Structure formats: C-alpha cells, structure tokens
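Hi,

Here is the structure I promised to pass on. Have a look at it first, and then read my notes underneath.

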Amino acid sequence: PTKDTLLEVNNIEVIYNHVILVLKGVSLTVKEGGITALLGGNGAGKTTTLKAISNLLHSERGEVTKGSILYRGEKVQELDPAALVKKGVIQVMEGRHCFEHLTVEENLLTGAYTRRDGKGAIDADLEMVYNYFPRLKERRKSQAGYTSGGEQQMCAIGRALMSRPETILLDEPSMGLAPQLVEQIFEIVKAVNEGEGVSFLLAEQNTNVALRYAHTGYILESGRVVMEGTAEALRENPDVKEFYLGMS
Ligand code: ATP
C-alpha cells in the first residue's frame, strides 16, 4: 500500500528582511512512517526550510512569500507553533534548547504540556522515552545545563516525544557531537521511527550518516533542491559521492 503523505512543501520562497531571497522554490514531501533527510552544506537553507514549516521565521524577520505548506492536506503555514504541535508536528531546534535550570525529567515533562490525557498516560510515555534513552533515566534528576551535549540532544528529542508527535522536524542532530554519539543518536531515531511510527524530517550536514539512516533525501544548494531520491539512490549517485560523501 502506498504511504500517506504527511507533509507537503510546494515551491516555497523565503525572504529575510524583505530583500534577502534565501529559499528559491523548495518542494519536498514527507511520507508517513519515513525518515526523510534534508541535506546540504552550511547556509544551503535547511534550517530556514524547517522554520518555514513550523512558522518560526517571524522572529528572524523572515517570511514565506510564495508557495504553500500542507500537513495532511491542510494549509499550515499560518498556524502558530503550538497549534502545529496539536496537529502532531514538533520541531527540535538546532543547538538543542533544553531548559538549563530544570532537571532532565522536568524538561521531558514540559513536552507534555499541551496534553490533556492525564498523569497515567504521561507517566507511561516518560517510561517509553527512558526505554529509548536509558542514559536520560540515569540522568533524570540532573540539572540539564550540567549534562553533556549528547545528553542535551537526547533530552530535546525525548521532550519532543512527550508530545506524542506524528512527525518530528529535527535540525542538525549531529551538531557538535563526537562520531560515536552521532551514531547513537541516529540509532535511537531509527528505533523511535520503527517502534513508535514517528516520521522524521531531519536537516543534516553530515550526509554520510544521514543517508545511512534515512529512507529518502533531498539535497539543497543555495536555496534550491538540486537532487532528490531514495537514500540508496543518493548514496550511489556519483555527484553525491564526490561532493557530499568525500569519495571519488
Ligand atoms: P546551517 O547548517 O548553517 O544552519 P542551513 O542550510 O540550515 O545552514 P540556513 O540557516 O537556513 O542554512 O541559512 C540559509 C541562508 O539564509 C544563509 O545564507 C544565511 O546566512 C541566511 N539567513 C539565515 N537566517 C537569516 C536571517 N535571520 N536574516 C538574514 N539572512 C539569514
């Protein structure tokens, strides 16, 4: 059976400060149950794309000036981020953004703030998160600001899971982490995808690791999608090999 389309970005253009054209017509699709990678170098427009989807551009003086963004067929680009969370879409921003003065567990619980299904269900999900991230369970009473970079990234993903999302927009999960930790984070993303059926759109500069875990990918260059396909096809593509995987 063909998978449902969750997210559809159609030919969007984004302009910062009324003059700086950064996305020049980006289109992409996220299918139910998949891991979709948004790849490209520094400044290609990955973060801007994710922020456009979550309607987080206003504070950066950016706006979507063309195109449309649909979630399950419904226009979402004017929704505020909280309303989008209610629809099942949550963004984990680059640089993690845990509440430093709260404990790890308190951080996780803030992810459940929009839920109305009671303490029992929330406690069960806390256990679900600890199952995927045993390290967070060990650190649950620690102040988040004193945990490592990897633990903070885990905490940010765990907090997103506490909202029971259908889709997680994950910005640069590998940033600043040692290779072994990057691998660990991607293993957990894969386990969550398979175990909970959560779909991911992840922005990543690390093409190599992203294409090993994603099902499909898009490559952005200067605000345009220059290549797209299954992860396997992209891994085998000579240009991708030469320019993004460092093989030639
Ligand atoms: P990175 O991995 O560095 O985050 P990226 O692919 O996510 O790269 P973006 O952060 O989306 O890229 O940036 C795309 C372009 O938009 C860059 O040229 C950047 O300088 C520019 N840009 C980003 N934010 C703003 C802003 N608030 N005002 C003006 N230009 C911006």
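Below is what I found, starting with the pockets and moving on to some strands and loops.

One thing to keep in mind as you read: this is a predicted model.

**Pockets**

The largest pocket has a volume of about 470 Å³. It is lined by 21 residues, and if you want to find its centre, go to Val-85, Ile-90, Gln-91, Tyr-113 and Arg-159, which are the closest to it. Three elements each give at least two residues to this lining: α2 (81-86), β6 (89-92) and α6 (149-161). As for the character of the lining of the largest pocket, 13 residues are nonpolar, six are polar and two are charged.

The second largest pocket holds about 150 Å³ of space. Its lining is made up of Ala-52, Asn-55, Leu-57, His-58, Gly-62, Glu-63, Val-64, Gln-77 and Glu-78. Strand β4 (residues 62-71) provides the largest share of that lining, with three residues. Here the split is three nonpolar, four polar and two charged.

**Strands around β4**

β4 is worth following further, as it turns up again in the pairing. β1 and β4 run antiparallel and are joined by eight bridges. If you'd like a spot to zoom in on, try Val-9, which sits opposite Ile-69 in β4. β4 also runs antiparallel to β5, with two bridges between them. Tyr-71 has Glu-74 in β5 as its bridge partner.

**Two loop residues with positive phi**

What is the phi of Arg-72 in the hairpin of β4 and β5? It is positive, near 50°, and the hairpin has two residues between its strands. Arg-72 is a residue other than glycine, and it has this positive value all the same. Its place is the loop between β4 and β5 (74-75).

His-18 is the other one to look at: its phi is near 65°, again a positive value in a residue other than glycine. You'll find His-18 in the loop between β1 (5-16) and β2 (20-31).

So are these two buried or exposed? His-18 has a relative accessibility of 60%, and because the cut-off for exposed is over 50%, His-18 counts as exposed. Arg-72 has a relative accessible area of 41%, so it is partly exposed.

That's everything from me for now. Shout if anything is unclear.

Cheers

Note on methods. Residues numbered from 1 in each chain as written. Predicted model: local features only at pLDDT ≥ 70, side-chain atom pairs only at ≥ 80, totals over all residues. Heavy atoms only, no water. 1 Å grid on protein atoms, 1.4 Å probe; cavity = no way out; pocket = protein on both sides within 12 Å on 5 of 7 lines; lining within 4 Å. Points joined across faces, edges and corners; volume = space filled by probe spheres on them. Helix = DSSP H or I, 4+ residues; strand = E, 2+ residues; numbered from the N terminus. Nonpolar A, V, L, I, M, F, W, Y, C, P; charged D, E, K, R; others polar. Buried < 20%, exposed > 50% of the residue type's maximum accessible area, 1.4 Å probe, protein only. Pairing = 2+ DSSP bridges.
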